[in-house]
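Reader: Hello! I am new to this structure and would love a close look at a single part. Could you start from one residue and then walk me through what lies around that part?

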Amino acid sequence: MRYDFGSDNTAGMAPAALKALAAVNVGYARAYGADEVSERAADLIRERLDADAEVRFVFSGTAANAIALSMLAQPYEAVLAHHAAHVCTDETGAPGFFGQGVGLIGLPGYSGKIDVGGLYAALEEPVVGHRQPPAALTVTQATEYGAVYSEEELRRLIEPAKQAGLGVHMDGARLANAAATGFDLKDIPRLGVDVLVFGGAKAGANCAEALVIFDKSLTRRIDNRLKQAGQTASKGRFLAAPILGLLESKAWDDGAVHANRMAQRLADGIEMGTPFVLAHPVESNAVFVRMPDEAHQRLNAMGWACYQFDDGSVRFVCSWATTEAAVLELLEAMASLG
């Protein structure tokens with residue numbers, strides 16, 4: 001089975017990340033994230049965001065998201081999220097686990113973007129003792145369907161949430177891909193996001209993400225919280241170094257530009273040379289295709305890993321490592337299914 005397009009998690013580490021990891025594997029350094037590598041990586045993230053924020057490096061996006069949401073909501077409260085957001089569909093109730101009962105309220109919206117009307121409807125629900133009231137909003141940039149929010153679209157969601165007293169979290173697992181479309185990272189703190197997960201793994205790092213906390217009032221006992229959650233790396237430099245290497249070399253940006261370009265090349269080829277149609281606009285590194293089950297199964301049988309998403313479409317994801325040759329091979333295989 002070929003996993004070129006199965007996910008942007010199936011590629012290995014980008015060369016710049018691997019080189020940085022090897023470079024720090026020399027000599028000794030302070031433990032538990034107190035090392036100079038972690039500090040330098042945190043500084044570069046703060047620089048990219050143009051914000052003074054607390055930064056910690058953790059092992060997974062799921063843990064980062066869940067811990068962030070547990071900072072913003074109490075056990076008897078809930079988080080508003082798009083119903084297809086990763087926190088709702090792929091994290092096995094982790095926000096409730098880390099938040100000791102924090103709930104999730106799914107909202108509608110096309111291509112993974114929260115519908116403004118749906119948000120207002122949720123905010124206008126009366127608070128009663130029999131339901132978990134919303135205490136936070138989470139948005140995903142880029143979304144699970146590869147859509148990229150504009151600054152104005154985010155503003156229209158974040159402003160009413162803030163006015164209602166909610167905290168705001170951003171899942172940036174594919175933030176590099178959003179930035180590659182022209183989204184300004186500096187808008188994130190300006191818009192009022194309280195906690196950001198700055199994606200590393202999908203951008204070419206190992207299993208590493210950065211938890212970026214803009215609202216420092218949330219950082220009380222943050223290191224105790226991370227330790228209790230099993231997210232404090234004893235050799236912290238090995239979590240931070242790959243992200244540092246990606247940022248210093250610009251590979252975090254360049255890899256995302258390449259991934260997005262390969263996705264657009266794939267999408268164009270599907271529209272022009274196969275019997276299938278796109279299910280969603282292609283704005284970042286993911287391509288969703290309307291494909292009969294039989295055709296999907298035949299493509300899998302031909303050795304191409306691709307998966308059906310919750311709306312029934314079949315997802316193909318490009319990464320920093322996707323080659324144009326692989327795109328052309330996949331297009332040829334898809335054309336043969338007609």
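Author: Let us start with Ile 158, which counts as buried because its relative accessibility is 1%; buried means under 20% relative accessible area, exposed over 50%, and partly exposed in between, with a 1.4 Å probe and protein chains only. The model is a predicted one, in which local features need pLDDT of at least 70 and side-chain atom pairs count only at pLDDT 80 or more, while totals for chains, interfaces and linings use all residues. Residues are numbered from 1 along each chain as its sequence is written, and side-chain values use heavy atoms, with hydrogens and water left out.

Ile 158 sits in helix 7 (residues 151-163). Helices (H or I, at least four residues) and strands (E, at least two) are DSSP runs numbered from the N terminus. Setting aside neighbours within four places in sequence, Ile 158 is in contact with Val 168, Leu 191 and Val 193, where contact means heavy atoms within 4.5 Å. Val 193 is 35 residues from Ile 158 in sequence, and their C-alpha atoms are 7.7 Å apart.

Val 193 leads us on to Ile 188. Again leaving out neighbours within four places in sequence, Ile 188 is in contact with Val 193, and also with Leu 49, Met 170, Leu 175, Phe 183, Leu 196 and Phe 214. Apart from the largest nonpolar core lies another, of 25 residues, which includes Met 262, Leu 266, Val 282 and Ala 295. As for the largest nonpolar core, it has 59 residues, and Ile 188 is among those with the most contacts inside it, together with Ile 45, Phe 57, Val 212 and Trp 252. Helix 11 (residues 237-249) gives the most to this core, with 7 residues. A nonpolar core here is a set of buried Ala, Val, Leu, Ile, Met, Phe, Trp, Tyr and Cys residues joined through side-chain atoms within 4.5 Å.

Now for the sheets. One open sheet has 7 strands in the order 1-7-6-5-4-2-3, with mixed pairing; two strands pair if DSSP finds at least two bridges between them. Strand 1 (54-58) and strand 3 (103-107) are at the edges with a single partner strand each, so one side of each has no neighbour in the sheet. On average, neighbouring strands of this sheet are turned by 20 degrees against each other, direction ignored; axes are lines fitted to C-alpha atoms, for helices over the stretch in contact, and angles run from 0 to 180 degrees between N-to-C directions. Strand 2 (residues 78-82) runs parallel to strand 3 and is joined to it by 5 bridges, and Ala 81 has Gly 106 as its bridge partner in strand 3.

Another open sheet has 4 strands in the order 8-9-11-10, with antiparallel pairing. Strand 8 (277-278) and strand 10 are its edge strands, each pairing on one side only. In strand 9, Val 289 is the bridge partner of Leu 278. Helix 12 (residues 251-273) packs on this sheet, where it touches strand 8, strand 9 and strand 11, and its direction makes about 20 degrees with that of strand 9. Strand 10 and strand 11 form a hairpin with 5 residues between them, and Gly 312 in the turn has a positive phi of about 95 degrees.

Back near helix 7 in the chain, the loop between strand 4 (134-140) and helix 7 holds Ala 142. The peptide bond from Gln 141 to Ala 142 is cis, with omega near -10 degrees. Both of these residues are in contact with Arg 174, as are Asp 8, Glu 144, Lys 202, Asn 285 and Arg 315, leaving aside neighbours within four places in sequence. Arg 174 belongs to the loop between strand 5 (167-172) and helix 8 (175-180), and with 8% relative accessibility it counts as buried.

Arg 174 also brings us to the largest pocket, which holds about 540 Å³ of space. Of its 32 lining residues, those closest to its centre are Ser 7, Asn 9, His 86, Arg 174 and Lys 202. A pocket is an open set of points on a 1 Å grid over the protein atoms alone, where a 1.4 Å probe fits, with protein on both sides within 12 Å along at least five of seven lines; lining residues have an atom within 4 Å of a point. Grid points are joined across faces, edges and corners, and the volume is the space filled by probe spheres set on them. Helix 3 gives the most to this lining, with 3 residues.
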